[in-house]
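Biologist: I am new to this structure and would like a close look at a single part of it. Please take one helix, and then follow its surroundings as far as they lead.

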Amino acid sequence: MKNSAQDDVRVGVFICDCGSNIAGYLEMKELVEFAKTLPNVAFVQENLYTCSEGGINEIKVAIPRENLNRVVVASCTPRTHEPLFMSACEEAGLNPYLFEMANIRDQCSWVHMREREAGTNRAKVQIAMAVAKAAKLRELNRIQLSLSHRAMVIGGGVAGMSAALALANMGYEVDLVEKRDRLGGILNDLNMILPTHEPPDKLVNNLVGRLQDHPKVAIHTGAVVTKTEGYVGNYVATIQHNDTENKIKCGAVIVAIGAQPLKPEGLYNYDGNKVITHIELESKLKLGDVQAKNISIIQCVGSRSKERTYCSRICCMTAVKNAILFKEASPDTKITIFYRDMQMYGVENEELFRKSKRLGVRYVTYDPDRPPRFDGESVSVYHLRMGRDMIVPTDLLVLSTPLVAQDDASEISTMLKVPINENGFFLEGHVKLKPLDFATDGVYLCGNARFPSTIREAISQGLGAASRAAGVLSKEALFTSGIVADINPDTCCGCLGCVAVCPYGAINFIENRGVCQVNKVLCKGCGGCAATCPSGSARLDGFSNQQIYAQIEQAMAV
Amino acid sequence: MSDSQFEPKIVGFLCNWCAYAGADLAGVSRLQYPPNMRTIRTLCSATVGPHQILKAFQKGADGVFVGG
Amino acid sequence: MLDVGRHPKINVLAYSEVVDFNGEIGNFNVKVRRKPRYIDASRCTACGACAEKCPTKVPNEFNFGFDDRKAIYKDYAQGIPSVFTIDPDHCKVILGGKCGVCQKVCQAKAVDYEQKESFVDLNVASVIVSTGYELFDATQIPEYGYGRMPNVISSLEMERLLSAGGPTRGHLSRPSVIYGEKRLKELPKLIKKAEKDQKEDQKQILEQEMKRIEEQVHKYHTAKKLAFIQCVGSRDFRFHKYCSNYCCMHSIKEAIIAREHEHETESYIFYMDLRTVGKGFEEYKVRGAEVSGLKYIRGRVAEILQDEEMNPVVYYEDTEKRQVVGMTFDMVILANACSPSKGIRNISELLGLELDENQFVRTSPNNPLDTNVPGIFSCGCAQGPLDIPESVAQASSAAARAAEVVMTEGLPIAV
């Protein structure tokens, strides 16, 4: 069954030889003659290279001359050349979304090089499909939106402070929101930083000083973000400080809420006195309140286990750091570190690891199936290299516990509509390629909120998140893509199926009307909602059911 | 009809970002395969709904390939 | 990469190098030499007709010589910018001989044998140095036999063998077999020639070789028992004292993929500490053991020898079992260290950058992107070994520092 021609639709078909890349393997004359027979086709032309200046010009000339209102190019692949042909249409006064491409090179002439007849036939089908779809295309528009050039950073640790300072230095107004009463985050609880050999106050004070002096930075300490509304470019956040609420507008949000050390309740007779964590050790060291002579440190306490599967990245270096500081202060102190793998990756860490060995820190590997035991006086462990138990007298036992997610991580995740993983760390847009982004535009991520990181890494990520946010803030206006989903409010039953599948947080449920609505700025046009919608109310313009059906019909008709 | 004469018509829904890119790459690498597929480009394999797959079978497709 | 290639604000100067540099933050003058491609990049459509017809074969360095490319080539199909390049060291025309086939077949008229190098002058406010790293040359460790034993390969060679777009289309062929098959194609011609020249001795030797290789190729086609050796050149006082950061995960990944390609594959990973510090890494390692059957052996490999059938034999001390063991494998993959790139010396001299004792660009923990020169920043493996997520994050960070300079019109920012 062929579609009857729609009177008002005039399709121009441009068929590219691509030198001999297409013409060498397919019957071009046949394709041209075939295209002329298709419904709605008003004009057909063969080009040596449609993408060359000459070819583009022919499209631009033919549109007004032949009164074309749809254009199909049969050539290489839309993945590389669609933007070029779309802009040619636009320049000729045709809405660029009235363009469609048939792939007759990458997916036809090049893969059927030895099957001239069958290859030509497939090319015909692909052209017929493109023409049928083109006839169903509608004009689409890219909507322009204004935006706020201000940013909000949630969390005033070293990552958040670095992010805020970088954005301010780029010229953007920044609101830095910290829930504690002072900036600095977990650095405030530390004793000393290696390899710089500096007290953390120095770094914190430097950053705080520059932030306080910066005219573009507004610091909100003792404050929490209780609500965010809106979307990329246009957020309204409510900041609560004591009993007052403040609403601010911002274009981008950076999540830098950090993490907290695990308290190892119930492990190794943890008591916070003789058996302590590193963070507790560092507070004691700050006060000069440690007299132990035989110190044992156990790694991976509460991590790399069934319950908490991840390696917390920084505990090995924390242990090595504290061991070095002890040894430097009193070389007679006996220090033994019980470990599974010493995670001293990279240049600086490995250097510290070597240094600690030079200073006489003793390392003992343990098998996670036979972990060390502590009886109050000594640590005993099965020594893998010797093949028997060894006993280490211990008057202070330090447990290397992992960083775990903040208590409010899941709340913030819900508020900003960005995901967290099973451990409560925020889940980036792509583990490798988008480590500081979320799938949702306008929200960015850095520091321990993403995953435990060193100070060096936290600073770097803070700057990186600032750079990602600046990608939005630097725009004069935001444009939606033309190809976005739309939900018909008259038929939507408010089942929320689309809200559940949308990976970009782009669909809102409008409660008072009981329907779902697409935020066209956030929509990336994946069409998941359209496939899910039971009532057919959600539709992806440019890839709608009617358009795809037209393609399917032609795929079978030829 | 004997097997050797049977030429199935396969409708392939290919995600623009992966399977469609892969099919392009097959071309760039000049990998040869039988010309039985007709490609429909989608912006995500998630957009391929049951209606579209059923439509393809209804119209006579012998197979449907969803690549994403 | 495609995004970079397409971005209207990014001007990609590939196949080019910085030759002169001066100025200061906010106002650097950079001279860039553009090497001649002998191709008009504005005309080339990357259709590949030229390479198809080019008669000159050259070992393909992108695939570490496992296969050949032509003298007109593109490293790989998805490369950006998408244009071909003529290799002046092998093209017959450029070397003064006769050919001209590519020019004849190019319908876009892009081939230009007369093309000369050109220079571009840039004025920029800020510079980012991201010159990457080089793979440690494992021939420096003679006891591992790399370069002498065909079935001892580097981690990047393994990467090419596993790649669906690689020389074996992702099949894990033993390199001895790949080279053997190549030789098998040459041998009949050589035998014929010996016959013609009436050199009976030589003919016999060649025939024996052919028989031996044929047996080899049939018997041991696919590598199924693999050893991955960690810290090759890293954490080694003779070479690099530092840890190369990403190799543990790289080996685990390659072992898991090898298993996905061939279900019988058995992999052993020999390590000192298995450093799985990134997000999801430890879980990946555990899954490697549980799902893909990887075996992790704590112990540094002392020596690799080779038996008569070109199987590498790995000698190591299993520190958990307290014994020295020899184990035979089909193939050994070395986790080569991340070495500083050789070109960094030149660049650092031009730009006035300080390097650290390892020859990486010097940065400091509190200013991780800043070099000693205000306005010049560094990211990625140029400043030390990093894995992909950290490199990508750092690239954004360097962009932020550079943007601070650009957007304040070069006013120096207090660090």
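Which residues of helix α1 (residues 19–28) of chain B are buried, and what do those buried residues pack against?

Modeller: Please keep in mind throughout that this is a predicted model. In helix α1 (residues 19–28) of chain B, the buried residues are A19(B), Y20(B), A23(B), D24(B), G27(B) and V28(B). As background to such a pattern, an α-helix has 3.6 residues a turn, so residues three or four places apart point the same way. The surroundings of these buried residues come from two chains: within chain B they pack against β1 (10–15), β2 (37–42) and β3 (63–67), and from chain A they meet α3 (78–91) and α4 (105–109). Just after α1(B), the backbone at R30(B) takes a positive phi of about 60°.

The helix also belongs to a wider contact between the chains, in which 33 residues of chain B touch 37 residues of chain A. On the chain B side, the elements that give two or more residues are α1, β2 and α2 (50–58), and α1(B) gives the most, with 7 residues. Sorted by class, this side of chain B has 16 nonpolar, 10 polar and 7 charged residues.

Following chain A onward leads to its contact with chain C, which takes 48 residues from chain A and 47 residues from chain C. On the chain A side, α6, α7 (200–213), α10 (346–358) and α12 are the elements giving two or more residues, with α12(A) giving the most, 12 residues. That side of chain A has 23 nonpolar, 14 polar and 11 charged residues.

Two of these helices can be followed further, since the axes of α6 (residues 158–170) and α12 (residues 455–473) of chain A come within 7 Å and cross at roughly 40°; the two helices are therefore oblique to each other. Their crossing is right-handed. Among the residues that meet there are A163(A), A166(A) and L167(A) in α6(A), and A466(A), A469(A) and A470(A) in α12(A). By class, the contact of α6(A) with α12(A) has 14 nonpolar, 4 polar and no charged residues.

L167(A) links this helix pair to the interior: not counting residues up to four places away in sequence, it touches A151(A), Y172(A) and V174(A) as well as A466(A), A469(A) and A470(A). In the largest nonpolar core, which has 293 residues, L167(A) is one of those that touch the most other members, together with V131(A), A163(A), I254(A) and V255(A).

Methods:
Residues numbered from 1 in each chain as written. Chains lettered and ligands numbered in written order. Predicted model: local features only at pLDDT ≥ 70, side-chain atom pairs only at ≥ 80, totals over all residues. Axes fitted to C-alpha atoms, helices over the stretch in contact; angles between N-to-C directions. Helix = DSSP H or I, 4+ residues; strand = E, 2+ residues; numbered from the N terminus. Parallel < 35°, antiparallel > 145°, perpendicular 65-115°, else oblique. Left-handed = near helix turned anticlockwise from the far one by under 90°. Contact = placed C-beta atoms within 7 Å. Nonpolar A, V, L, I, M, F, W, Y, C, P; charged D, E, K, R; others polar. Core = buried A, V, L, I, M, F, W, Y, C linked by C-beta atoms within 7 Å. Buried ≥ 20, exposed ≤ 12 C-beta atoms within 10 Å, placed from the backbone.
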